[in-house]
Amino acid sequence: MNDIRVLVVEDEPLLAEAHTAYTERVPGFVVAGVAHTGREAMAALRRRGGADVDLVLLDFRLPDVHGLDVCRALRAAGSSVDVLAVTSARDLAVVRAAVSLGVTHYLLKPFTFAAFRDKLERYADYRRQALADGEVAAQHEVDRMFATLRGAAPHTLPKGLDVHTLHRVLSALADRPRTTPAEAEAGLSATEVSRRTGISRVTARRYLEYLVTIDRAVRSPRYGTPGRPEVEYRPT
């Protein structure tokens with residue numbers, strides 16, 4: 001998949017620089033532009049019909065218009081660009097309005113890089129699933145997409161596991177080769193996940209087994225190799 005192109009919309013120059021730097025630290029994301037007002041953001045998104053932007057990091061408290069008005073204008077213009085609200089607005093009415101306007105994520109200021117990275121990685125995982133060819137086969141696939149996007153808070157993970165590595169393991173499973181029917185049905189072993197993610201085989205197995213316990217992956221024996229069957233994992 002190509003890099004996800006991000007438009008940073010933030011009126012405070014130092015924060016705009018920080019959000020730009022944060023974005024560029026997350027693999028798979030590039031900054032396509034920076035806007036300091038709602039009007040600048042709309043102008044940037046009108047260029048080539050917004051084709052240069054996949055995700056907008058949108059501050060709601062802009063000097064000319066409210067971020068919600070930017071969202072309304074986007075939807076009225078027929079734009080389906082995804083929006084991640086990056087704001088200090090804590091009013092529940094604002095949160096409800098953001099949801100109704102299709103805001104993908106809502107990140108409250110101030111936040112850590114880990115929280116920011118978590119939102120972007122969840123979005124990337126969701127986008128990878130949403131842009132796949134074909135159609136969903138069953139309800140659980142739709143549920144999985146929404147669970148990927150919303151997800152559980154990092155503190156709910158078992159001790160010793162972290163959400164960043166969990167997403168890397170999930171991505172490795174989702175990006176396994178599927179060019180032939182046989183490959184589409186095949187999974188990855190802990191050793192193969194280890195090679196793809198750079199973590200140890202033992203650590204990979206811990207994450208894979210955790211994914212099985214929360215119904216995000218299934219395990220099955222892999223036959224056709226000498227000795228005992230190897231265990232392989234596939235995303236649900």
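This report covers a five-stranded sheet, the helices on it and a pocket in a predicted model.

The model is predicted: local features need pLDDT of at least 70 and side-chain atom pairs pLDDT 80 or more, while totals for chains, interfaces and linings use all residues. Residues are numbered from 1 along each chain as its sequence is written, and side-chain values use heavy atoms, without hydrogens and water.

The sheet is open, with strand order E2-E1-E3-E4-E5 and parallel pairing (strands pair if DSSP finds at least two bridges between them; strands are DSSP E runs of at least two residues and helices H or I runs of at least four, numbered from the N terminus). Strands E2 (29-35) and E5 (105-108) are at the edges with a single partner strand each, so one side of each has no neighbour in the sheet. From one strand to the next the twist averages 20 degrees. E1 (residues 4-9) and E3 (residues 55-58) run parallel, joined by four bridges; Val 8 is opposite Leu 57 in E3.

Two helices contact the sheet (heavy atoms within 4.5 Å); angles, from 0 to 180 degrees, are between N-to-C directions of axes fitted to C-alpha atoms, for helices over the stretch in contact.

| Helix | Strands contacted | Angle |
|---|---|---|
| H1 (residues 13-25) | E1, E2, E3, E4 (82-87) | about 165 degrees to E2 |
| H5 (residues 113-130) | E1, E2, E3, E4, E5 | about 175 degrees to E5 |

The second largest pocket is lined by 16 residues, with Pro 27, Gly 28, Ala 124, Arg 128 and Ser 171 nearest its centre. H5 and helix H7 (163-174) each give two or more residues to this lining. Domain 1 (4-150) and domain 2 (163-235) both contribute to the lining, so the pocket lies between them (domain bounds come from an automatic or database assignment). A pocket is an open set of points on a 1 Å grid over the protein atoms alone, where a 1.4 Å probe fits, with protein on both sides within 12 Å along at least five of seven lines; lining residues have an atom within 4 Å of a point.
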